[in-house]
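Please open the model in your viewer and keep the sequence panel beside it. The tour below moves from one selection to the next and says what is to be found at each stop.

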Amino acid sequence: MSVITAERQDDVLVIISNNPPVNALGAAVRQGLKAEIEEALGDDAVKAVVIRCEGRTFFAGADITEFGKPPVEPGLGEVIDLIEASDKPVVAAIHGTALGGGCEVALGCHYRVAVPSAKIGLPEVKLGLIPGAAGTQRLPRLVGAEAALPMVVGGDPVPAKHAEAIGLVDKIVGEDSLAADAIAFAREQIGKPVPRSSEGTANEDGVKNPAIFDEFRAKNGRKLRGFEAPEAGIQAVKAAGEMSFADGVAKERELFMKLMTGTQSAAMRHYFFAERAANKIEGIDKDIPLIPINKVGVIGAGTMGGGISMNFLSAGIPVTILEMEQEALDRGTGTIRKNYERTAKRGRMTEDQVEAAMGLLTPTLDYADLADCDLVIEAVFENMDVKKQVFGKLDEVVKQGAILASNTSYLNVDEIAAATSRPEYVLGLHFFSPANIMKLLEVVRGEKTADDVLATAMALSKKIRKIAVVAGVCDGFIGNRMLSPRQQQANALIMEGAKYWEVDEVLLDFGFPMGPFQMSDLAGLDIGWHRDPSRVESIRDALCALDRRGQKTGAGFYDYDEARNRTPSDEVQTIISEFAEKQGVVQRDISREEIKERLLYPMVNEGALILEEGMAQRASDIDVVWINGYGWPVYTGGPMFWADTIGLKTIADGLEKHADRLGPDFPFSQLLKDKAEKGERFN
Ligand code: 3HC
Ligand code: NAI
């Protein structure tokens, strides 16, 4: 059946798209739309047109899989121009999400009606692009530059109600009567002159007050740092006020093509598909029956246990949280409440929602209360004996068929599973701190973890709005395992003479939100410190001995002022130099290039080892982990995609070049060497 069909409702022609799953505007859809619009224009009996979509959503955008391939006629812009040029009213009937090219189709229509649950947006910026079918020119003319800027540059879709308020939607119609209501609306417009977005004048706000563009830049500078597309978006919206429609469209095209052929967009499109691929598990039937999870237990109400619990409470799943002592339990539940109340204060939750979430939480000191949980997540101290004890206990009390998970950061999940009589129900669920906020979840597949247990964990991750990646059992799984060589090199570099702030700066310039020494200061340098100021065996010991224990004491590697602004410290640099001398290390000048190579290339190597050992399913999963868990800049596509971009030979040669510094025990990945030699990529 054709993806585009049309049916006559008396004098209204209803054009219907049915291109699952998201009605992407691929070539067949564009061809069909064009043909049906031409049909409507040529048929005197047709007085108005409605465009609507079957399935879960209105057009969710251009077909991203077509990007980078030779264009197929007609282009989307041409189809939209044809729609807008019609003198017969054309109405977009929107449900689900009208995104990107879908929003642009709606803008080309003369009217837009939407159901209350619909969302409309221009998310191209999240693919490193700007809208490419005149969206940056029509939207400001329709709603004004000020309202258009956050949509074009931020990329988040707006709900129907907001769209109506800014003039993007003409009417909100019944959730269950969209088709009929849209036809009725269209009929009301017959005979009236059609309004065209391209002829709108709302964009004059940006001409009268051009300061809005710089204000927008200033307000969002930090968030947009390093990204190319947002600035292009600002320029395009500005052009909508300064140029004719035709010139503005040409300007948009120029900016769009530059982005489309650049590396950032390639990287971000890679990431889009990587995120979706990560949820798929090789070798497991995607229709495998899942274990229903209606009640969750959490052990340990510390930093992680509290945050983990919040994910489920927010998703409406009851949680029973267990501690060893009443005091710790009260502290933990108190923190959960405080976090929710802070969110409410910022207007992102109502008081009722806070109470509803808290009402789903049952604190306990008694393991028996966990008996009927469908999933129990352990988040106690990082100590194998303690974990084994906890899992032994869980094995005794929790019902058969329930999933038992550990939030361990490094420990062997198979060993933990062996403390139970049901290792097939055990796996790792490694959340990241703060667990209620960080998107990443490493799902650690034990040697014996059953397929349905793993599949259930992956499905559940979506429900609690996490991005889950499957990892194998190895030290640090995917993320922390790759962090470790970076940290080793950072420490080695400052011993060899690199300034610690330069090491941080190199990573900041690369696009990370923070460098390793800033991160240490934030976490506290005294984690794991022996607390004996006279024992100085490392730079960290030396700093702790001087009470430079990180941000919390006002000084660590850096000095901090009241507002937590950091300045590099000469005192610390002297400590490092003296320590190096004592260790017999001769310090030298180290270039930023060397710093970058030594921090990042060993990470790629570790990623290759992870792949080689089958600890990650695919290279793109590693990219998903580092982008969501550690702030690797998404516009480089993640460590493995970035390595592909600069060439694996560059990485392999770089590692050879630094071989003496990396030491004889450096585990050079054979996979990396082979791929580099053959000119292959990871992704
Ligand atoms: N093109 C091609 N495939 C797409 C697609 C698109 N625009 N949008 C989604 N898909 C695919 C996904 O890859 C996924 O495939 P899979 O099942 O094989 O993994 C499938 O559709 C379902 O997608 P999701 O799993 O993401 O489904 P959800 O229901 O969770 O989300 C959605 C639906 C909100 C529409 C989400 O898919 C989404 O955000 N899509 C991208 C929207 C977008 O970026 N549009 C702009 C495109 S660029 C553009 O339009 C340029 C224009 O200006 C010229
Ligand atoms: P934490 O020290 O803040 O909390 C641990 C809590 O567990 C404490 O409240 C303690 O009273 C309780 N506890 C200890 N033994 C218990 C037992 N037998 N029964 C019931 N409760 C018990 O520690 P945190 O940071 O929450 O870490 C917990 C786990 O999460 C560790 O395995 C850690 O490696 C892991 N993790 C920590 C991350 C972090 O950034 N803090 C990130 C990801 C994982």
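Begin inside the protein, with the largest cavity, which holds about 40 Å³ of space. The model is a predicted one, and the structure holds one cavity of 30 Å³ or more. To see what encloses the space, select Phe312, Leu429, Phe431, Leu441, Ala457, Leu460, Ser461 and Ile464, which line the largest cavity. Colour this selection by residue class, and the lining divides into seven nonpolar residues, one polar residue and no charged residue. Now colour by secondary structure: β15 and α18 (451-463) each supply at least two residues of the lining, and the largest share, three residues, comes from α18.

**Zoom out to the domains**

Before going to the ligands, colour the chain by its domain assignment, which gives domain 1 (4-261), domain 2 (296-474) and domain 3 (514-582). If you place a marker at the C-alpha centre of domain 1 and another at that of domain 3, the two markers lie 53 Å apart.

**Select ligand 2**

Next, display ligand 2 together with its surroundings, a shell of 21 residues in which the closest are Met304, Glu323, Glu382, Lys387 and Ser409. Which atoms of the protein should be inspected here? Start with Met304, where a polar backbone atom is 2.8 Å from an oxygen atom of ligand 2. Then turn to Glu382, which places a polar side-chain atom 2.5 Å from an oxygen atom of the ligand, and to Asn407, whose polar side-chain atom lies 2.9 Å from an oxygen atom of ligand 2. With these contacts on screen, consider the surface as well: taken alone, ligand 2 exposes 830 Å², and the protein buries 78% of that.

Which element gives the most residues to the shell around ligand 2? Show α13 (303-314), α16 (384-397) and β15 (426-431), each of which supplies at least two residues of this shell; the one that gives the most is α16, with three residues. β15 is thus a useful element to keep displayed, as it supplies at least two residues to the shell around ligand 2 and at least two to the lining of the largest cavity. Coloured by class, the shell around ligand 2 divides into 10 nonpolar, eight polar and three charged residues.

**Select ligand 1**

Now centre the view on ligand 1, which has 24 residues around it, with Arg56, Glu104, Glu124, Arg276 and Lys280 coming nearest. A backbone contact can be displayed at Ile64, where a polar backbone atom is 2.9 Å from a nitrogen atom of the ligand. Two side chains then deserve a stop: Arg276 has a polar side-chain atom 2.6 Å from an oxygen atom of ligand 1, and Lys280 has a side-chain N or O atom 2.7 Å from an oxygen atom of ligand 1. Taken alone, ligand 1 exposes 990 Å², of which the protein buries 74%.

For the elements behind these residues, show β5 (97-99), α3 (101-108) and α12 (263-278), which give two or more residues each to the shell around ligand 1. Among the elements, α12 gives the most, with three residues. By class, the shell around ligand 1 divides into 13 nonpolar, five polar and six charged residues.

**Finish with the backbone**

The last stops concern backbone geometry, and for these it helps to recall that most residues other than glycine have a negative phi, and that most peptide bonds are trans. Select Pro20 and Pro21, which are joined by a cis peptide bond with omega of about 0°; Pro21 lies in the loop between β2 (12-17) and α1 (27-42). A cis peptide bond also joins Ser433 and Pro434, here with omega of about -5°, and Pro434 is placed in the loop between β15 and β16 (440-445). Finally, go to Asp10, which is not a glycine and yet has a positive phi of about 55°; Asp10 is found in the loop between β1 (4-9) and β2.

Conventions
Residues are numbered from 1 along each chain as its sequence is written. Chains are lettered from A and ligands numbered from 1 in the order in which they are written. This is a predicted model: local features need pLDDT of at least 70, side-chain atom pairs count only at pLDDT 80 or more; totals for chains, interfaces and linings use all residues. Side-chain values use heavy atoms; hydrogens and water are left out. Domain bounds come from an automatic or database domain assignment. A residue is near a molecule or strand if one of its heavy atoms lies within 4 Å of it. A polar contact is a pair of N or O atoms within 3.5 Å; within protein, one must be able to donate a hydrogen and the other to accept it, and residues adjacent in sequence count only if both atoms are side-chain atoms. Accessible areas come from the Shrake-Rupley method with a 1.4 Å probe; for residues, only the protein chains shown count as cover. Helices (H or I, at least four residues) and strands (E, at least two) are DSSP runs, numbered from the N terminus. Ala, Val, Leu, Ile, Met, Phe, Trp, Tyr, Cys and Pro count as nonpolar, Asp, Glu, Lys and Arg as charged, and the others, Gly among them, as polar. On a 1 Å grid over the protein atoms alone, a cavity is a set of points where a 1.4 Å probe fits but cannot get out, and a pocket is an open set with protein on both sides within 12 Å along at least five of seven lines; lining residues have an atom within 4 Å of a point. Grid points are joined across faces, edges and corners, and a volume is the space filled by probe spheres set on the points.
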